[in-house]
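Colleague: Got a minute to walk me through this model? I'd like to start with the sheets and then poke around.

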Amino acid sequence: MKIHTHALLLLTTHLVFLSTLADAKKRSNSIRSESKGPPSRLDTDNPLLPGMTHGETLTKFIDRKIRPTTKFNKRCAKIIDELVRTLEAKSSPFNIKGIVKGGSLGKGTSVTDRSDIDLVIFFNDYNTVKGLMKYKDKLLQKLKTFVEDEWPEHFIYKQTTPLSVQFYLKIDEEDAEHEVDLLPALDITKKGRKLSEIYQEMLDQAPKVRDHYSSCLSPLQLKFVTHTDGMATPGKVKDVMRLLKYWAKVEDVPLRSYFLELLLVRQWREDGKQEDIDTEAYLYQTLKQLAQLGKMAIAFSDNYNYMVYVPNIKTPFLLDPANPFKNVAPSSKRDVDMVVRKSEILLERGWPGSPHLSDEL
């Protein structure tokens, strides 16, 4: 299916993005004005989240409970680095071009005792995504056997999916189990190939085939969360990501980690990419957006015009900035209703009587 863009579509799309930019500026001004106040929490003595102590601030809670220690990060990174070297070694049975470390560990957004690690393995043996798909089952089985033979003390097999082989990582006996996904991929973003060509190719594929492109686009996903226009995402923004991931985990809120990361990156960008942010204000603003999840319509214009690829997409949506066909927002009515309800409960717990999110957001 080849795209034929009419002048009317171009005009409509242009107007859509002008509107998006105008809304972004309006929202940016709103966030700045509220940085002097969202309303202060009225009852700071009682814990806002499970695990907090009486009178503990969010910053102290993050330091004590949420953010992994430097010691843990070093131990985890050492094991993962050794696995990567083993996979890439000349003695390895695999012909690997390179491995990208993603997931929360690779992005620097992991939560204590709840890390997830994606190792996206780019193979040299395949020329097309369909070619990789043809042999993916065998590749996944081969990866499973290799890791179990080489690293039985640290990697415990969990399951195999159509896209990955998954393990639990056990660093020591006292440590929690962390999830590690090995995802075979093809370097489709290699030098000289335009993203528009890749997206056109994806448009021509069946949805099940498109799913196999996501891991191939992981370097773009990683860069989007960790850097914007060459500027690193500040540690305080990542701490709010961690805080929301923790909340989603302990209170069973059906939200993907990547969704929360993108939501916070968007807020930080619209707030002028400030290095020092107000943790409580960012948490409050994000919860207000989640309380209106059913109306959410977010698409980043960095890599594509979403109207070209998914013009009829329905709310709620937050599109992957690396993949116009991947909506990372909750989609089922049950999940959306649960997110809204749990967000409202947390808002009422921390900011009693706070207004619901305005239609401007």
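**Sheets, cores and a pocket**

Modeller: Sure, and let's begin with a small open sheet: three strands in the order β8-β9-β10, with mixed pairing. Bear in mind that this is a predicted model.

Colleague: Which strands stand at the edges of that sheet?

Modeller: β8 (297-298) and β10 do. Each has a single partner strand, so one side of each is left without a neighbour in the sheet.

Colleague: Mixed how? Do β8 and β9 pair in the parallel or antiparallel sense?

Modeller: Parallel, over two bridges. One pair to look at is A297, whose bridge partner in β9 is F317.

Colleague: And what about β9 and β10?

Modeller: Those pair in the antiparallel sense, again through two bridges, with β9 covering residues 317-320 and β10 covering 323-327. They make a hairpin with two residues between the strands. D320 is opposite N323 of β10 there.

Colleague: OK, switching to β2. Which strands does β2 pair with?

Modeller: β1 is one of them, antiparallel over six bridges. β5 is another, running parallel to β2 with seven bridges joining the two.

Colleague: Where does F122 come into that?

Modeller: F122 sits in β2 and stands opposite G98. F122 also stands opposite A185 in β5.

Colleague: Is β2 mostly covered or mostly open?

Modeller: Mostly covered, with six of its eight residues buried.

Colleague: There's a histidine I'm curious about, H178. Where does H178 lie?

Modeller: In strand β5.

Colleague: Buried or exposed?

Modeller: Buried, because H178 has 0% relative accessibility and the cut-off for buried is under 20%.

Colleague: What does H178 touch?

Modeller: Leaving out residues up to four places away in sequence, H178 touches F72, D113, R114, S115, F167, Y168 and L169. Take D113: it is 65 residues from H178 along the chain, yet their C-alpha atoms are 7.1 Å apart.

Colleague: What about long-range contacts over the whole chain?

Modeller: If you take contacts between residues at least 6 apart in sequence, 64% of them join residues at least 24 apart.

Colleague: Now the hydrophobic part. How many residues are in the largest nonpolar core?

Modeller: It has 56, and the ones with the most contacts inside that core are I80, L87, F155, L169 and L182. L87, for example, touches S92, F94, I96, I99, I121, L143 and F146, again not counting residues up to four places away. There's also a second, separate core of 48 residues, which includes Y258, F259, L290 and L318.

Colleague: Let's do pockets. How much space is in the largest one?

Modeller: About 1300 Å³. It's lined by 43 residues, and D116, D118, R256, S257 and Y258 lie nearest its centre.

Colleague: Which elements give two or more residues to that lining?

Modeller: On the strand side, β1 (96-102), β2 (116-123), β3 (155-160) and β5 (178-185). The helices are α4 (103-107), α8 (218-226), α9 (235-250) and α10 (257-270). Y258 ties two topics together, as it belongs to the second core and is also among the residues nearest the pocket centre.

Colleague: Last one, the overall picture. How many helices and strands does the chain have?

Modeller: 13 helices and 10 strands. Of the 361 residues, 48% are buried. The chain exposes about 17900 Å², with carbon and sulfur atoms supplying 51% of that.

Methods. Residues numbered from 1 in each chain as written. Predicted model: local features only at pLDDT ≥ 70, side-chain atom pairs only at ≥ 80, totals over all residues. Heavy atoms only, no water. Helix = DSSP H or I, 4+ residues; strand = E, 2+ residues; numbered from the N terminus. Buried < 20%, exposed > 50% of the residue type's maximum accessible area, 1.4 Å probe, protein only. Contact = heavy atoms within 4.5 Å. Areas by Shrake-Rupley, 256 points an atom, 1.4 Å probe, with all protein chains shown as cover. Pairing = 2+ DSSP bridges. Core = buried A, V, L, I, M, F, W, Y, C linked by side-chain atoms within 4.5 Å. 1 Å grid on protein atoms, 1.4 Å probe; cavity = no way out; pocket = protein on both sides within 12 Å on 5 of 7 lines; lining within 4 Å. Points joined across faces, edges and corners; volume = space filled by probe spheres on them.
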